[in-house]
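The following exercises are to be worked through with the structure in view. Each task is followed by a solution in steps.

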Amino acid sequence: MNQAEVSKLVSKLRMNIKPEHRRLKNLKGPEGRIDKLRKTVTGLIKFERIELNINRGDEARQYAERLISEAIRHGDCHKPTMDMANFWLLEKQLVHKLFKVLVPRFENSTVSYTKMIKAPKAQNTEHTNKIVLELRGNPYPDLIVKQPNNRLWIQNVLLDAAKYDYRQSKISEIAANIGKDTQLSSSSLTANNKGGTQKEES
Amino acid sequence: MFRTILNKLNPVELTCGFHTTACLNEVRLLTRLRVVDNSEIGMRAMAEGKPPKVICVYNKQRVGFIGDRVMVAIKGQKKKGILVGLKQTQKVKVPKFDSNNIVLIDDNGTPLGTRIHVPIPTILRTILKEKTHSKGADYTKLLAIATKFV
Amino acid sequence: MFPNSLKLLWGALQKSRFDNAACNIRGASRQPRFRPPYWYVPKERVWTDDYLTKENKQFLEEVIKDKLEAQTALEKKALTSPILNDVKKNVTWTPQTKRVGLIARKIGNYPLWCKDGKKVSTTLLQVVDNHVIKYIPPEEYKPMIKSNVKWVEKQKYGCILVGAENIDPSVVTKDYCGIFDSVGMLPKRHLCRFVVSPESALPNGTPLYATHFRVGDCIDIRSKTMDRGFQGVMKRWGFKGMPASHGVTKTHRRPGNIGSGGEKARVWPGTKMPGHMGNRWRTLRGVKILRIDTKYNVIWTLGVAIPGETGAMCYLFDTVLPLKRNKTAPPFPTQPFMNDVPKEYFEDTIHPFDEPTISYYEEI
Amino acid sequence: MAVTLRKSTELFTVAKWLTRRDCRTLSSLPEKAKLASLEVTEKAETSRRRPKKVNPLLENRHAYPEFLPDPNPKWRNSLREKLERADMLKRRNQIDIPEFYVGSILAVTIADPHSQGKTNRFVGICIERKGCGLRAEFTLRNVVDHQGVEVRYDLYDPTIHKIQVLRVEKRLDDKLFYLRDALPEYSTFSFDMDPEILPEGTPVPINPVKVELKPKPWLERWERQELQGISNIEQYLTKKDKVRRELRKTPWEKYDLMKQYRKTIPIEEQTDIWSEVNSQLQQLQLARKKSTRKRTFSAPKTQLG
Amino acid sequence: MFPRFIQVVQHLKNLERSILLSLFGHPPKELALAVSVNQQPKPTPKAFSIHDLIGDGFLLAVPKFRRTVEKRLNRKFGWPEYVWKPFVPKTNLKTCHECGHHHEQGRLCGNCYKKIGKETKEIQGEILKKLGSGPIEQDVIVLYEGETLPDQQKEFWKGKRIVEMKKERPQWFSKNLLQKSTQQPSKSTDVKPTDLA
């Protein structure tokens, strides 16, 4: 059991982190891996939405999140953070973007700063796994459109009916139990509950 | 031969390319030890820069631990000794020393010297007492000539 | 010819969908040798986006809440049932009796110190939401594997289904939910059967606590070992491998010879070879309990050799080792909930941390 | 263009907005002027945006690092960590485990069944602290009778009677293993050393002493570890050593944000941990202060090692 | 008369050729007048006999034992837990709520993504053109042809830069930046079938 490092303080990332990093395929070893990721992080900050392979995308996502959280935590007057931004962003105009655009955008955010969604598989490509990586709050059209009007969908209609039945039976039971002994109520309640749960699997 | 002489002359400039990472520092066959009592043979061997070499460790593992009996080759003679301090990593609360220390004894367990001039671990007291029971020799005489325990 | 092969193919395809250990097909055309018991049903359901409305989601939560209430009512009923309370009058514990066990989660290791200053490593096992789901008497209990043909006549043990860790009913299949629903419980993440003698039967819904075992008792722990994947012989069987140099090429970690010629010129069954290592059920027997926390239901056991990673599920039951068995009667059939239990139990040799520092005195 | 909206009067805004399309084609000059004015306001805003205040609870992490769990998610479990912390606090209530750092000089008294008085006292400089929770350990080093001795202790071992800090200070490095290869006077401390008590409220001093190494052979390749506390390492290095040192350098590791993240416990989790144990630790600290006040005050001497 | 003569000569030539072939193997070349002395006479091919093949016993490679049905099927289809040779039907296909195309569970719909990706590329190009190579200090808002800015508070517009697309807003791209849908829930309750017959 090793001691945690105490010299640095970091903010918690709002995403799942694997216990170990991925080794991206490259000849130069760990240095080459970092170089690869630098390019991807720069691209992500520049374009705000990119499509790439899952392994590289997921790794780059973690680094981008860390970079933004460091920028939010320390601001642009902190020299090590500026040094870090200088290292990770290959195009220097993006350093301005990080501190002047992204930091205000994500300052009060309670969710992760980036989003990763699996892209559709192209035909005859069983093994390539592409993703779309984007910054939240980008000006592009949404990738996933939430359906607000789902009341008439089959599962909701069925559940509405079940809810009605459930409430009715409850009311009738209370009415019947007014005069009766209260001890019996629990067992009959359980019997009635079955209808409700079976609907859940529909 | 030539290289060793050169090394002695200027050890910094001519260090050979052996690895210098941390090793286990075990006491096993042909390990060089340090004699820490004032027996004549031991003093002379250390002064001449010819420390004794292990030629047998008397236990099952053949790796020496604190209190184990070893046979050493010292100044062309075979002598027995007891390990009283080890370089290898020890258990919690047991001291670890910067050198592998040995006290020379004869077959009955009587130390050849009259004084030990470095500290020895207190756990040795218990270990030697236990060993004395099982063997014929009495090793606790060694404890009597110790100057300091840690 | 054609329809026949199509039928076979279809049958095989259908079978291949179920990834359940019980439904494994042995070859494309063979029937399963063992019929699994009825509680072996697929648990994970295919996940779909339901797009439920807000009201309907609330309704589902309400139903679950009602079910939880019903479950607590069942618990109370079980605790006041005559089986649990009148036990001293009717049945007594004998060394041959088999009690029910517990399902626990391995949550980590840390050291404790004995009263003589010795440090011992311990493993912590947490008992979460353990409930008796059902008792199946000997007449109805049909074990999957029968070693003896006339076992049914000789059968003297029933079994108890124990579940651990409540989960949301909507994340498991309907079949799995039904097992719990039939006795009025919410579904549990883990379900296990313990073979018990009929005296130690328990009513449905009885909660089980860590105090089911006593400090100083020995238990057997069954769980799955760490999955190490496909491994070579050096790691899997501890072979020595071959030298690093002296003309050895490309065979440093290989097994070498696997048999002799002549009549034995084939690979003998059971030869130690590379293959999948770990992820197997293993039982560690005779593990001593050193400390029990009654508030969080945590058991400290001696040693770190309990199979599985941190977070693995373990099945705990009384040891079968003849020398380490219970000599005196343990809580039988189980320890019911009590308000005035001490917060922690310590084994006699263990030094509690809130006791003063250990010192030694000269023997006189 | 968007700048036009930021004019105060609404009517003006609307009018501008309506004519926006026509204005756009004229030139970019007015736009730039407005941008400049905007920059001033932005700058004022950025200067206001200061780094957030650090929670004072988090400062505990230097003095009590063993309360933080191992960051490896394989071994994390909130309940186990909680029980472990409770046990640690129970032990801390029994004996006073003071605040010390690598480089401090400690005197440890343990109950030893092997020694004659059944207790044993050892004084030395702390060269390493490792492990978390109840496994926390520290190593003391001293040179006794020209023989280097190191003893490892469990911090929460119930046989420890007393841990006394003789001098509290930090060194330039986190691990002082190089003292094994340094001249013996840098790790020699007398057993009857008097405790030096710092005046209340002073920060922990950092001892800037740089040790001198003995010539090779060494136990480790100290030249590759970027150690601050060694003064004369260059004189022993060969050309090859220097080349190798350059080859083995990993300058990118400094920027590996996720590597740092995987080694640390995030602020949010640390805050929970420290708020759980802080009140008890404060009480213990107060009790310790009371006891130290009784002792005589002695000024810290500047001393070798 | 003349052609018939030629025919006869041709026939005679053929006859001669066939005789020579049967006697000396290959027919001699057209200009070779004499048979080469060195040429060895080819051994006449033996008549085929079944005994050449069979010899004393029957030695064709044939299976010695019958393969069981189980083995045959396993060979044909593989083993479901290890290698399963036939195609496995996908069970995780869903219908897109937007366009009705099929897509895998947990992935984006291919049809919708194509559309969105194209639009994204266009906007990205437009933004890059607008922002140029100077330091990027402002957030961007995308407006389409013939659109006005939505009503927002002043703070909302502070430090934003407007990027205009030279085309109409696509139908599916929500205009309102806060509400993420273009469709309002319909209030009519009656369901009328349309486009019948």
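**Exercise 1.** Describe how α1(A) and α4(A) pack in this predicted model.

*Solution.* Two packed helices are described by the angle between their axes and the distance between the axes. Step one is therefore to state both quantities for this pair: α1(A) and α4 (residues 93–106) of chain A meet at an angle of about 65 degrees, and their axes lie 10 Å apart. Step two is the handedness, and the crossing of α1(A) and α4(A) is left-handed. Step three is to name the residues that meet. From α1(A) these are A:Thr42, A:Ile45 and A:Lys46; from α4(A) they are A:Leu94, A:Lys97 and A:Leu98. By character, the contact of α1(A) with α4(A) divides into 3 nonpolar, 1 polar and 2 charged residues.

**Exercise 2.** Check whether the span of helix α5 of chain A agrees with its number of residues.

*Solution.* Helix α5 of chain A covers residues 154–177, which is 24 residues. The expected span is 1.5 Å times one less than the number of residues, so for α5(A) the expectation is 34 Å. The end C-alpha atoms of α5(A) are 34 Å apart, in agreement with that expectation. A further step concerns burial: A:Leu159, A:Ala162 and A:Tyr166 of α5(A) are buried.

**Exercise 3.** Determine which elements of chain A contribute to the contact with chain D.

*Solution.* Begin with the count: 28 residues of chain A and 37 residues of chain D take part in the contact. On the side of chain A, the elements giving two or more residues are α1 (30–47), α2 (54–74) and α3 (79–88). The largest share comes from α2(A), with 6 residues. The residues on this side of chain A comprise 13 nonpolar, 8 polar and 7 charged.

**Exercise 4.** Give the order of the strands in the open sheet of chain B and explain what is special about its edges.

*Solution.* First, list the elements of the chain. Chain B has 4 helices and 6 strands, and from the N terminus they run α-β-α-β-β-β-β-β-α-α. Next, read the sheet: 5 strands form it in the order β1-β6-β4-β3-β2, with mixed pairing. The edge strands are β1 (34–35) and β2 (53–57) of chain B; each has a single partner strand, so one side of each has no neighbour in the sheet. Within the sheet, β3 (residues 69–74) and β4 (residues 77–85) of chain B run antiparallel and are joined by 6 bridges. One example is B:Val72, whose bridge partner in β4(B) is B:Lys79. For the chain as a whole, 36% of the 150 residues of chain B count as buried.

**Exercise 5.** Identify which strands pair with β4 of chain D, and state how far β4(D) is enclosed.

*Solution.* The partner within the chain is β3 (residues 137–144) of chain D, which runs antiparallel to β4(D) and is joined to it by 8 bridges. In this pairing D:Glu137 stands opposite D:Asp154. The hairpin of β3(D) and β4(D) has 2 residues between the strands, and D:Asp145 there takes a positive phi near 50 degrees. The partner from chain B is β5 (residues 96–97), antiparallel to β4(D) and joined by 2 bridges; here B:Phe97 stands opposite D:Val149. Finally, 7 of the 8 residues of β4(D) (residues 147–154) are buried, so the strand is largely enclosed by the rest of the structure.

How values were computed: Residues are numbered from 1 along each chain as its sequence is written. Chains are lettered from A and ligands numbered from 1 in the order in which they are written. This is a predicted model: local features need pLDDT of at least 70, side-chain atom pairs count only at pLDDT 80 or more; totals for chains, interfaces and linings use all residues. Two strands pair if DSSP finds at least two bridges between them. Two residues are in contact if their C-beta atoms, placed from the backbone, lie within 7 Å. Ala, Val, Leu, Ile, Met, Phe, Trp, Tyr, Cys and Pro count as nonpolar, Asp, Glu, Lys and Arg as charged, and the others, Gly among them, as polar. A residue is buried if 20 or more other C-beta atoms lie within 10 Å of its own, exposed if 12 or fewer, and partly exposed in between; C-beta atoms are placed from the backbone. Axes are lines fitted to C-alpha atoms, for helices over the stretch in contact, and angles run from 0 to 180 degrees between N-to-C directions. A crossing is left-handed if the near helix is turned anticlockwise from the far one by less than a right angle, and right-handed if clockwise.
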